[in-house]
Amino acid sequence: MIAQEHIPPCPEPSLALSLARHDAKVARVARQLRERTSTQPLSLRKRAVSHQVPKPGDRKYSDEKIDVSDLDEILEIDPVSRVCIAEPGVTFVDLVAAALPYGLVPFVVPELRTITIGGAISGCSLESMSFRYGGFHDSCLEYEVITSDGEVLTCTPENEHKLIFHMVHGAFGTLGILSKLKFKLIPAKPFVRLSYETYRTAGDYHAAIAERSGQAEVDFIDGIIHGPDRYVLSVGRFVDHAPYTSRYDGMTAYYETTAKRTEDYFTTPEYFFRYDRGVTNVRPKSRLGRLLLGRFVRSTEILKIGEKIAWALPRENPTLTVDVFIPFSRFNDFMEWYWREFGPFPLWCVPYRPAQRYHWLSDEWYAGLKDEMLVDLAVYGFKGRDGRNYYRMLEGKLQELNGVKTFISFNYYSEEEFWRICHKENHFAVKARTDRRNLFRDLYTKTCLASRGLD
Ligand SMILES: Cc1cc2nc3c(=O)[nH]c(=O)nc-3n(C[C@H](O)[C@H](O)[C@H](O)COP(=O)(O)OP(=O)(O)OC[C@H]3O[C@@H](n4cnc5c(N)ncnc54)[C@H](O)[C@@H]3O)c2cc1C
C-alpha cells in the first residue's frame, strides 16, 4: 500500500468562474433530491474517507447514496479580509497547503490530514487552538445548505435561516447537505515550537492549563496524560525560524516523545498533522510493522481498511475511540474515576473554550454547566476487560459530571438521556424546514441506533 502524494487543488484566480462551476454542481445535487421518489434513508458519498469509527452493521454502508464527491474545491482565499470560501469536501491538508502561502491557516485544524471541512462542522471538530477559538464552526460566517427537497439556502448567524446555521453544527448530516462554507483564517508562521511540561498530579496539571490558556503568547495547547503521575502539557507558539524540525511518520509514535523530550520544532503543516498515524493508537503497533510500513500507513489508509472489513469487526466490547468533554472544574473528579475504572491507559487532552452557546446542546445541559472551558479527553485504542461496556460507563460518568461526548463511534444512550443532552426542539424545528421527509434520519436515530444497525 503506497501513500499517494496529494496535489492540492489551487483556488481559481476568478471567483466568478469557480462560483459558476460550484453552482452547477449544487444544481445537480438539488435536482437529484427534487426528483427522488424513494423514501428510503440517504447517506452521502464523498471523496475523502470518513472519520467515523467503522462499525459492523452501520446502516450507512447499505443506505442509498447521494453523491457529493465533486464538492471538494477551494473557491477563494481572500488574503485581505482573511476569509476563505470552499466546498465541504476540502480536506484540512489541502486547505493548510493552499492558505499557508498567504501566511494564513484555519482557526482550528483537526489533526488528521483528510478530515474535511464539511465533516468538521457536522461532527464538531476541534484542536490545539481550541482553548482560544473553540471548534471549527466558531470560525464560520456562512453556510450554503441543500435541503432534502432540493432547496438551496444561504444561512448566516443573522439572517432568517440563523437557527439552521447554528444547528447544522453537530448535526452529523441529519439536517441537510452543507454545500459551501465561508470561514475566517488567521495569520500563521512557518514553524511551531513546542515545549513539554510534566506535572505529577491532576491538580497541578489543571492549574497549568488554567494559567497557560490565559497567556497571550501561547498559540497551541494540548497534552498527553501518560499515567496517574505523568501529565504532559504541550504548549506551542508559531515561530519564524527553527533550529531543526521533526516529523513522526516512521518508527516513532509521536505521543511517546512528549514524555521524553522537553521541546520540539515542526514545520507548521507537520505540527498540525503530527498525530496523523494515530494518537495513542498508532498503527502498525509492532516495531517491525512500523519499520516496514510506517511511512505508508496513515490514518486515511487505516480507516479505509476499517470500512472494507467493518462487517467483521466485533459488535461486543469494541476497542474505544471516543472523545469526552468534561467541564474544566470537574477534571480532577473525572481523572480519579478514570484511573480507578480504566487503569493506566494514556489519554490525549485538548482544552476547549466554545466561542458561543451551541444551539444543538439542550437548555437543561447548559443549566448544569458552570464552566467556560471544557477539557476534551480522547480515549483512543483502549481495549475493555471483563465484558464491561466501557462506552456505556463513560456515558454514565458524563451524565453525572454534565459532560458530553462525540458521537463518532458507539453510542448507547437511551432516547430520553440523549435528548436531555441535545436540543430536541431546535433539532426538529430545523428538520421540519430542511428535511421534511426525514431522509437523513434524526440525530438520535442516526448516531445511537442506525450506526449500530438498530433502526
Ligand atoms: C480515529 C479518529 C481520529 C479522530 N481524530 C480527530 C482529531 O484529531 N481532531 C478532531 O477534531 N477530530 C477528530 N476525529 C473526529 C472527526 O473530527 C469527526 O469524526 C469529523 O466529523 C470527521 O469529518 P469527516 O470529514 O471525516 O466526515 P465524515 O466522517 O465523512 O462525516 C461526519 C458526519 O458528517 C456528515 N457530513 C459530512 N459531510 C457533510 C456535508 N457536506 N453535509 C452534511 N453532512 C456532512 C456525515 O454524514 C457524517 O454523519 C477523529 C475521528 C476518528 C474516527
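The shell around the ligand, in what is a predicted model, is made up of 15 nonpolar, 11 polar and three charged residues. Of the 29 residues around the ligand, those that come nearest are Gly-118, Gly-119, Ser-122, Gly-123 and Gly-173. Two elements, helix H3 (117–122) and strand E8 (177–187), each supply at least two residues of this shell, and H3 gives the most, with four residues.

From the ligand one can follow strand E8 to its partner, since E8 pairs with E6 in the antiparallel sense over six bridges, and within this pairing Tyr-143 stands opposite Leu-181 in E8. Strand E6 itself covers residues 140–146, and because five of its seven residues are buried, it is largely enclosed by the rest of the structure. E6 also pairs with strand E7 (residues 152–155), again in the antiparallel sense, over four bridges, with Val-145 placed opposite Leu-153 in E7. The two strands E6 and E7 form a hairpin with five residues between them, and in its turn Gly-150 has a positive phi of about 90°.

Further along the chain there is an open sheet of eight strands, with antiparallel pairing and the order E12-E9-E11-E10-E14-E15-E13-E16. Its edges are strand E12 (263–267) and strand E16 (404–405), each of which has a single partner strand, so one side of each is left without a neighbour in the sheet. As a general matter, the strands of a sheet pair through backbone hydrogen bonds, in either a parallel or an antiparallel manner. Within this sheet, strand E9 (residues 191–199) and strand E11 (residues 230–239) pair in the antiparallel sense over nine bridges, and Arg-193 stands opposite Arg-237 in E11. Helix H6 (residues 202–212) lies across E9, strand E10 (220–227), E11 and strand E14 (347–352), and runs at about 15° to E11.

Turning to the chain as a whole, it has 16 helices and 16 strands, and its C-alpha trace spans about 60 × 50 × 45 Å along its principal axes. A compact globule of 455 residues would have a radius of gyration near 23 Å, and the 21 Å of the chain therefore agrees with that expectation. Of the 455 residues, 46% count as buried. Among the contacts in the chain with a separation of 6 or more, 73% are accounted for by residues 24 or more positions apart.

How values were computed
Residues numbered from 1 in each chain as written. Predicted model: local features only at pLDDT ≥ 70, side-chain atom pairs only at ≥ 80, totals over all residues. Near = placed C-beta within 6 Å. Nonpolar A, V, L, I, M, F, W, Y, C, P; charged D, E, K, R; others polar. Rg over C-alpha atoms; globule rule 2.2 N^0.38 Å. Buried ≥ 20, exposed ≤ 12 C-beta atoms within 10 Å, placed from the backbone. Contact = placed C-beta atoms within 7 Å. Pairing = 2+ DSSP bridges. Axes fitted to C-alpha atoms, helices over the stretch in contact; angles between N-to-C directions.
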